[in-house]
Each structure stands twice: as C-alpha cells, then as structure tokens.
Amino acid sequence: MNVGRLAALAGTSAVLAAVVLPAPFAAAAGEPGDRLHVDNTVACSDTGPATAAQPLCTISAAAKIVLPGQTVVVSQTGTYQEAVLINRSGTPEKPITFTTGTTRDARTQGFGSTVTGVAADPAFTVKGASDVVIHGFAVNTGGTGPKVVVTDSARVTVDHLRMVLSTGSQPGIRVTGKGTQVTVSRNYIRGAGVASVQVDGGVYDTVVSTNHIADSGPDGILLSDSTTAQVTSNSVLGACGTGIRLTGTSSGSAIRNNVVTGGTSCTDPTLRPAIQVDPAAVPGSNLDYNLTNPATGHLPYSWNGHGYADPAGLTTATRQGTHDLLGDPRIQGADGPGQGSPAVDSGDGDPRGGLPTDYFGNAPADDPGVADTGTGSGIRDRGAFERQGVAKQLVEITGEQGPYPRPVTAQVTLTQNWPAALTYSFDFGDGSTPTVTGLPTADHTYTRAGTFRTAVTVTTPEGVGYPAVAQKPLTVTEPGAAKAAFTAKRCDEATFDCGALAYDFDTSASTTSWPFANGRLDYGDGTDTNLFGLPKSVRHTFPRPGDYTVTLTFTNRGGEKATTSQRVSVTTRPVGFDGYGAQRALDTRESGTKLAPGQKLTLNLTNSNSWPISWDATAVVLNVTAVNAEGPGFLTLGPNDRPRPDSSSLNYVPGTAVPNLVTVPIGNDFRLAVWNSYGAPVDLVIDIQGEYTPRATDLYAPLQPKRVMDSRSGIGVPAGKISSVCTAASTRPVTKLKVRGVNGVPNDATDVVLNVTVTEPDMDGNLMVNDTAAVNTSNLNFKAGQTTSNQVITRIADDGTIAFCNNAGALHIVADVFGYYGPNGQHLFVATDPTRLLDSRVSPGKLAPYSRATVRGLPAGASGAVLNVTATEPTADGFLAVYPGGTDRPDVSTVNFAAGQTVATHATVPVGGDGTISLYNHNGGTHAVVDSSGYFVHK
C-alpha cells in the first residue's frame, strides 16, 4: 500500500515558488545546459558531461561547475559520503538548485538520496554565495558538527531536508556570518542535541517556516542576535527545552502561527519555557496565533525576562499573544492535528514568512465542523500541518500477476475527517483513459503485457485533489506455457558453506505467465529442496563426486506444471597445492594399539594439534607406512563419509615396513578413514606432506619423467653408496641434491615431485627425503638387500636442494623427477574418489616382459593424473614405468618389485596428448592395477 496526502499540483507549485525553488522540479530541461546529473549508482565520472547517460559521481564535482539557472539533479537512490561546498552564486531570476527531484509524500515524506558528511564536516556548506536552493535530501552525518551550514550568504533556501540526528554539540541547520534572506522551510529534524535550527548574529530577514521539529534538545529554533526574522507555522513537538527562542539582539522578529509542545519524558531539570524572547530581542518583535502545550512544570512563555503561565497573562502584561492558545494540539503523527484540535481553522491567514501550503504541500482546508476563528479566510491551521478532509488513502489491487487479458479491481480505503461527496479518478497506468467515478472502487482489464502501477486521485467538492498510488505494481505477462529451466555451477566462493562438492542452482531461466505456486529441486542423490518462489538460487552439497540427474518441477497458480532434468557432473573445484614438508600426524605404536583385521579407523582433520588441514582443503597428501604387520594384508584410505573404495592404498607383509604416498580426497564431514583388510593386525604411521586448497598459489607443472639422481653411476651426486645418518650425533655430511634451477625445475619452484628408489641397502632401515635433515619422518622403508621405491613430494630448501638421510647402513639411491609445484605452474588439481582405470586381472591379462599397456578413462582435458599403481603376482624381479601416452619410454622406474611381491606406489604422471598414460613392464610377467584419486587441468 501507499498513503497519499499531496495537494493538487497547483498547490505544490505555489509552495515551490514561495521559497524560491524552481517549479516544478520534475520538469525536464536541456541536456546538460540546464541540468547537471549526479548518480553514483551507475557508471559515472567526475570529468564526464553530467548528462543522465554519463553522470557525475559526486555532488561536489557538480558544485564546482554549476552555473546560474542550472539545476543539479542527484539520483534519489544514491548515498554520497562527502562534504559538499557550495560557493558559486545564481541570480534572483536564475538561482542555482541542488535537488533530488522529489515532491513531498505524507508517509514516505519523499526524501531522496542520502548525503553523509565526512567526519565532523557538514554535509552541505553554502559559503559566500547567493540565490542557491538545496532541496529534497536526507542528511546524515556521524560527527558532532552541524549538518547544514549557510554562512555569509544571501537568498539561500534550505528546503525539504530530513535529518535524524544523534546527540551533538552543534545544531542541525546553522545560518551564520553576514547574510540575509535565508529561508529554512519544510525540513524534518529529529533528535538534535542542541538547536535544530540556529540563526546567528549578523544574519537578518531570515525565514524559518513550516518545519517539523521533533524531540529537540535545549532549543528547537534558536535566533541569536539575528534581526527581523520570521518564525512562522512551525511544529516543534516533544521539546524538552525551549521550542522557539529569540536571544540577544534578535529584534524586529515575529513568532506567529507555531505549535510548540513539551516532551513527556524529559530528564533536564531546567524548567524551560515553550517560547522565549529575551530582553534585547523584544524591541519591534511580536508573537501571536501560537499554540503551546509545554511539558509538566514548564511555562508557555518567557517575555522580556518574565515568565507567563498562560496567553491571558502574557497579553495583559505585554499586549503579545492576543490570539495565542494553550492546550493539547492533538497531533496525530504525520496526519497533523486531529479531531478537536484547537489548531484547526484558527491560525493567522497570511503570516509574514508563511508559505501558501503546509509541510506536505496541502492547501488550507475548511473543516465544516470547526468555527473559522483565524484571520483572513479563517481556515488556516496553526503549525506545519493542515488538517484535510481526506486524511489518508490506501490503494489496493485485487488481482494477481498473470497473462492478459487480466481483470483487476482497484479499491480505495480512506479516512475522511469530515463528510463530503468525493470523486475518484483511477489511472491504471497502461495508457487507457482514467476511470472517473463517485465510488471508491473500479474494475479494469489489462490487454497488454507490462508492469503497471495504479494511481488514484480523490477530489473534494472544492476541487482539492489528493493523489495516491498502489505501493506494489501489477505485472501482466504474455500468454504462454510454463517452462522449467535451471543452470548448475560449482560453488567457488571463499565461504564456509561453499564446500568441495557444493553447487549453485539458478532457476531464473524458468518462465511462467502465472505466479509461481510451489516447486521442488531434486538433486538425484536422495535429497531435494522445496522452492517457495522463482527465480530461486539454491546451494547444495553433494555427498560425493559423480554424475547426478537433477530435476526441477514447479506448478503455477494457473494450474500448469513444468519439469526439466539435466545431468550434472559433480567434481571438486580445481585447486593449488600447499606443501608442508613432512609432519608426523599419527603413529599407532605410541598407543600400543594396532589396527585389527577389518577395522575402520576414523581420523578427524579438525584436530589442529595433529592435522594442520585448512577448512577448505579438497584433498590431503600423506605418506602412509604399515609396520609390525603380523601377516599379509592391505590398507585403504578414503573419505569417511563415503563407501570404502574398491582399491588398496598399500599392501603389507610381516617382517618389513611398507610405505606409500597417498592422495586422499576430503569428504563433507572433514574426516578421513583407514580401512584394514581382513588380513592381520598392523601398526600405522602417517606423515602429512601437504594439501590441495583453493587458497594455495602453487600449481603443478608436469615434466617429462627424467632421471636426476643415481648414486650408482654418479648422476646428480658423486658415485658410491650413501650413508647420511641424520642425527645430531652424526658426523657424516648430509647428502643433498640440487633440484631447483636444473632439469626443468625453475628457480621459484616450492616443491618437487620425485620417484625415489632405494637399492642394495646393506641393512634394514628407512630413508627420509625433505628440505631439512631435522624432521623425524620417513618416506621409504626397506629390508637389507631389498629394492623399493615410493613417490615423494617434498619442499625445496632455500638453497634449492633436498636432503636424503638414511637411518643406518649404506645404500644406493635413484631419483626420477616427474614435475614440480610453484607460482609458475599452470595446472590445478581436481580430487576424485578412487577410480579404477586398469586391472589386468580382468583385462587384458598379465603384462608380458618388455610390454606396454595403455591406461584410459581420464576426463577429457586432464593434463596429469594422480595414480596408485599396484604390481601383483610378478613372476620375476622387475619394475613398472609410468609415463605420458604417445611418448617414448624414459629411463625411469615407478614401481619396483620382487618376484611374488605385491607393491603399490603413488604416481603423479603427465597425460599424453592422446589423453592416455602408458604402463611399461620391464621383466617377467605381472598383473597391474591402476587407480586414480584425481587429475590435473590447465588453469
């Protein structure tokens, strides 16, 4: 609904002319000759032409260039945090105007854009200027200074501003310096800590008229040493101090036709009069036709230093206030004086400085139930508000959105303060001829599509019109069948509700000529969301990656049903890598409790003491070691909230420690699970190597696999067995390999991806590969004489090297580089649930010696893959090499095994140009199983 209380347009124009405002504001003028546009809600520039299409961004920019006769039109929807200085002048015939183009409305009060002063600066300052109008702004400043200042200026009008103020030490509007003919009119000022309006010495012929001042502090309107001022037709309501005060030499001034009421909850112990004229202001000053209702214990008047308890006493002693009244004005909020108010039809018909219409633009109206006791026509009310025959209107439309032809009924509900035969003119906004009737209702049928707002003008027998509009417009649509449509995209925001598998669904492409009734979005994972409107944006987190059939169904109020389905491929978001170096997170040997056969161990990644995992990580990279196994078996790692993967992360046997690098996706519950097979009890050691997270800036860069270290032949390090024992007591030098700046690894790489093989160890032991020799973790565990391998992702030290430390004995080390992570990497990681790409036990059978198998099944566009490659049932000692499909086999090894041994190894491998990966078996026959836990895509 909307409540209207405007007078006829003729009355509004008269108001504007009276306060030297351009009339009417909405009238178009030249572009940009007569109008400069300011709008910071659209593309704007303070060096622009100031047209509606290319506006200025700030009011201050307009103030620097505005010329006489020009109007600065400021967008009604903007907020401008600036201190506007106006120091350019117009002429009496061509004033300079700053306006939002609004006209006053009874309930919303028609205020436009908000101007917020900077710090303690006023929102507007007029300095040394003349013939300037400021109109229609809401003013809000956070400082304690005045909100609007007019200084050393002439013929300035401050009209129709809205200020809701906090306690401060300065007035809302201050007129100061040397000035004349300043008009402060139709402003709403609430809660000023001092005076709402203050006029200082040196200013004369000031008009303060038709303002609505509420809950003011010590003074509502204060004139200090300001002569020949007119304080007329103001409503100063709820004042805890003096409503109107003339102090100092404010002589020759008039206080007429005002309403002043006291507050009901004032805490100031000072008993201040409602109206006060100090001795030096008495000469030539007068007051009359005022209505006062002071707070309990307060006097209505102080004149020439004496207090008076009622108008009769004042008149007897001073001959002032002959027509003043004492009593409750019965103000009804924005409706002004209510039934029985003594302010009605009792005012001065033509007070000096008065406006021809009231605060809302209403012309004086004659209440037939009240005797006309005022001067002139006798029907002007006291204060800023005129009681009207029609107090307020409510316009409602019966009918709803739908296709044309669309019948509606408009209904006006209004309050009449006195009975009269009214005429109603309904304009339905579609260009049709308005319906004029003596009834408050009218029927209409829309015959075209559009959005229409109904306007109604209620006219009294005297010809006074009261316009109002329906608050909500009605949308009429083209006839057509309902259509369901939606889009789905992965959520990539940095917010807690945007998990790795969160998707956003947008139904705005759906169309319906009737209003939406109800609907449902079925995600294909056993869950759905009820929709209560279209368009609708919905966020949903899927339980796991995969393909889901998502279905949107809705019905409209016309009884039509629409549905559509689409396949949504759910993947985690592509992300970068954050390497930690190795950090020990779990060692079951410390608790003395092994994983039992068939046991599931759940690991909570939110335990920051052991798991430094980011809240938005999509996968974690772990080095997992099985030790002290009491028999053969295997371990499987995966997200806790998903089924156990059909794969093994590592295979263990008794009598040895078996390590493997494992990349594990993180589920929605932020927990990992470790499943032990029904093999044997086993201890578990986990070292965190890093995580994949959206905030990581290091991306993967694949390299053609290349051997970068071989202690047997002296590649990368001097030839000979390595015996670097990394303990504080050891005097042996640490073996370091230069990796940054060589073999395709750039100088800004942060982590390197290697396949490391230990061969010919003369003792049982373990090997650590890291950027420092001080970390007590392990990457490879081995038995004397055993050849074993594992992939390693390790941080690179500041000097561009990595360190190799074995805990006992001597051994040979072979290292092959497969890629690196760094700021220049071009590939993002997409985590997936473990997916089987190859199982030679199913097809094509055991790999023959020196044969090659092709691994397929990676998504289109994958540039690399993170694999778990398992060799099982080998007939001889040998190795598997994994490398990009369609390329020559490099001299590298990925999985090293002994006859009869089952060995699993992590592999980060580039994908060939044909979308495949090659798997080469070097010796004997063996089965191979390849599982993917994610892939890389080019950013």
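This passage goes through the overall build, the nonpolar cores and a few backbone oddities of a predicted model.

Starting with the fold as a whole, the protein chain is mostly a story of strands: 73 of them, set against three helices. The radius of gyration comes out at 42 Å, whereas a compact globule of 939 residues would sit near 30 Å. Along the principal axes, the C-alpha atoms take up a box of roughly 125 × 70 × 55 Å. Even so, 57% of the 939 residues are buried. Long-range pairing is also well represented: of the contacts with a separation of 6 or more, 73% link residues 24 or more positions apart.

On the outside, the accessible surface adds up to about 35400 Å², and carbon and sulfur atoms supply 50% of that. As for charge, there are 79 negative side chains and 65 positive ones, with the centres of the two sets 4 Å apart.

Moving inside, nonpolar side chains in soluble globular proteins tend to be buried together. Here the largest nonpolar core has 63 residues, and those with the most contacts inside it include Ile 59, Phe 98, Phe 137 and Ile 221. Helix α2 (residues 59-63) gives this core its largest share, at four residues. What does Ile 221 touch once its neighbours within four places in sequence are set aside? The list has Val 197, Val 208, Ile 213, Val 231, Val 236 and Ile 244, along with Asn 234, Gly 243 and Arg 245. A second core, separate from the largest one, has 30 residues, among them Ala 626, Tyr 652, Ile 666 and Val 674.

The backbone has some details worth a look too. Tyr 404 and Pro 405 are joined by a cis peptide bond with omega at about 0°, and Pro 405 belongs to the loop between β34 (402-403) and β35 (406-416). Another cis peptide bond links Ser 843 to Pro 844, this time with omega at about 15°. The loop holding Pro 844 runs between β66 (827-839) and β67 (851-855).

That loop between β66 and β67 also holds Tyr 850, a non-glycine residue whose phi is positive, near 60°. Is Tyr 850 buried or exposed? Its relative accessibility is 54%, so Tyr 850 counts as exposed. His 160 likewise has a positive phi near 60° without being glycine, and is placed in the loop between β11 (154-159) and β12 (162-164). With a relative accessible area of 1%, however, His 160 is buried.

Key:
Residues numbered from 1 in each chain as written. Predicted model: local features only at pLDDT ≥ 70, side-chain atom pairs only at ≥ 80, totals over all residues. Heavy atoms only, no water. Helix = DSSP H or I, 4+ residues; strand = E, 2+ residues; numbered from the N terminus. Rg over C-alpha atoms; globule rule 2.2 N^0.38 Å. Buried < 20%, exposed > 50% of the residue type's maximum accessible area, 1.4 Å probe, protein only. Contact = heavy atoms within 4.5 Å. Areas by Shrake-Rupley, 256 points an atom, 1.4 Å probe, with all protein chains shown as cover. Lys, Arg positive; Asp, Glu negative; His and termini not counted. Charge placed at Lys NZ, Arg CZ, Asp CG, Glu CD. Core = buried A, V, L, I, M, F, W, Y, C linked by side-chain atoms within 4.5 Å.
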